[in-house]
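Biologist: I am new to this model. Please pick one part of it, go through that part closely, and then show me how it sits among the rest.

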Amino acid sequence: MNFERLYDVLKATYGNLGKWWPGDKEEILITAVLTQSTNWKNVEYAMENIYKLTNKERLLDFLYKLPKDELANLIKPAGFFNIKAQRLKNLLEFFKKYNFDLDTISREENLRDKLLKIKGIGKETADSILLYVFEKPVFVVDAYTKRILNRIYNLKLEDYDEIQELFYKYYPKDVQLYQEFHGLIVEHAKRYCRKKPLCDSCFFHKCAYFTSPFLTY
Ligand code: SF4
């Protein structure tokens with residue numbers, strides 16, 4: 001299957017996922033860090049703990065003011081809680097400079113570079129924030145993206161930028177498209193293309209994972 005068709009095929013299978021990443025912009029800022037190396041259920045448990053003490057309107061300011069140890073305690077369910085608490089603190093410190101005004105931050109030049117300078121914010125997290133919070137047309141690459149490129153297209157790419165460039169080459173830079181496409185890839189990797197893939201019931205059945213390399217680019 002041509003790489004250009006991947007989005008349409010996934011969408012035809014999983015339906016219209018829209019923005020896909022749940023929550024409002026402030027919540028996505030937080031969950032983008034919490035979701036590192038854990039599953040979404042654990043992120044929800046951590047957010048439930050936070051919402052026992054505050055509400056959506058005060059979320060960023062509340063977390064900014066909360067002592068790091070207390071924050072770590074609240075987000076325990078998300079794992080690596082001390083590291084994530086520090087990363088959240090670093091991120092919130094950056095946003096505080098703008099008084100948590102997301103519109104102002106969105107207009108910053110070289111925002112990606114600025115986010116990447118924050119300790120603990122790597123490319124995947126920075127791009128998730130750019131795409132889902134600030135609605136910039138950047139493609140988010142994660143382990144699922146690598147797995148699917150590897151299995152369906154026999155592309156053994158590891159370099160983040162190289163994979164991102166591949167999507168830029170074949171798909172227009174479009175926020176809605178990239179938001180949904182990333183979600184579709186995650187859905188496919190969770191439902192069928194798991195670590196141990198469910199190929200017998202997968203609609204890609206006989207992808208490059210089973211057959212000889214089948215490259216169209
Ligand atoms: S056939 Fe198997 S390896 Fe190929 S996409 Fe489906 S689940 Fe993944």
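**Helix H10 and its surroundings**

Modeller: In this predicted model, the protein is divided into domain 1 (3-18 + 140-201) and domain 2 (25-132). The centres of domain 1 and domain 2, taken over C-alpha atoms, are 25 Å apart. Where the two meet, 11 residues of domain 1 are in contact with 7 residues of domain 2. The protein contains 12 helices and 0 strands, so in sequence order the pattern is α-α-α-α-α-α-α-α-α-α-α-α.

Some overall figures come before the close look. The C-alpha trace spans about 55 × 35 × 30 Å along its principal axes. A compact globule of 217 residues would have a radius of gyration near 17 Å, and the 18 Å of this protein agrees with that. Of the 217 residues, 47% count as buried. Among contacts between residues at least 6 apart in sequence, 64% join residues at least 24 apart.

The part to look at is helix H10, which covers residues 143-153. Its buried residues are Thr 145, Arg 147, Ile 148, Leu 149, Arg 151, Ile 152 and Tyr 153. Two arginines, Arg 147 and Arg 151, are thus listed as buried along with Ile 148, Leu 149 and Ile 152. An α-helix has 3.6 residues a turn, so residues three or four places apart point the same way. What do the buried residues of H10 pack against? They pack against three helices: H1 (6-14), H11 (160-170) and H12 (175-191).

Both ends of H10 have something to show. At the N-terminal end, Asp 142 acts as a cap, with a side-chain oxygen 3.2 Å from the backbone nitrogen of Tyr 144. After the helix comes Asn 154, whose phi is positive, near 55°.

The chain reaches H10 through the loop that begins after helix H9 (123-132). Glu 135 lies in this loop, and its phi is positive, about 55°, although the residue is not a glycine. With 41% relative accessibility, Glu 135 counts as partly exposed. Pro 137 is found in the loop between H9 and H10 as well, and Pro 137 is partly exposed at 31% relative accessible area. Which residue lies 39 residues from Pro 137 along the chain, yet has its C-alpha atom 8.3 Å away? That residue is Gln 176. Leaving aside neighbours within four places in sequence, Pro 137 is in contact with Tyr 168, Lys 173, Asp 174, Val 175 and Tyr 178.

Tyr 178 leads on to another residue, since Tyr 171 touches Tyr 178 too. Not counting residues up to four places away in sequence, Tyr 171 also touches Phe 3, Glu 4, Arg 5, Leu 6, Tyr 7, Leu 177 and Phe 181. Tyr 171 is one of the residues with the most contacts inside the largest nonpolar core, together with Phe 95 and Leu 115. That core has 76 residues, and its largest share, 7 residues, comes from H12. The core draws at least three residues from each of domain 1 and domain 2.

For a comparison away from H10, take Glu 27 in helix H2 (residues 25-34). Is Glu 27 buried or exposed? Glu 27 counts as buried because its relative accessibility is 10%, and the cut-off for buried is under 20%. The side chain of Glu 27 has two polar partners to note. A polar atom of this side chain lies 2.8 Å from the backbone nitrogen of Asp 24, and the side chain also makes a polar contact of 2.8 Å with the side chain of Tyr 51. Beyond its neighbours within four places in sequence, Glu 27 is in contact with Met 47, Tyr 51, Lys 56 and Leu 59.

Asn 99 is a further non-glycine residue with a positive phi, about 55°. Asn 99 lies in the loop between helix H6 (81-96) and helix H7 (102-106) and, at 57% relative accessibility, counts as exposed.

Last, the cysteines. A disulfide is a covalent bond between the sulfur atoms of two cysteines. A search of the whole structure finds 0 disulfides. Cys 202 is buried at 12% relative accessible area, and Cys 207 counts as buried at 14%.

Technical notes
Residues numbered from 1 in each chain as written. Predicted model: local features only at pLDDT ≥ 70, side-chain atom pairs only at ≥ 80, totals over all residues. Heavy atoms only, no water. Buried < 20%, exposed > 50% of the residue type's maximum accessible area, 1.4 Å probe, protein only. Helix = DSSP H or I, 4+ residues; strand = E, 2+ residues; numbered from the N terminus. Contact = heavy atoms within 4.5 Å. Polar contact = N/O pair within 3.5 Å; in protein donor to acceptor, adjacent residues only side chain to side chain. Disulfide = S-S within 2.5 Å. Core = buried A, V, L, I, M, F, W, Y, C linked by side-chain atoms within 4.5 Å. Domains from an automatic or database assignment. Rg over C-alpha atoms; globule rule 2.2 N^0.38 Å.
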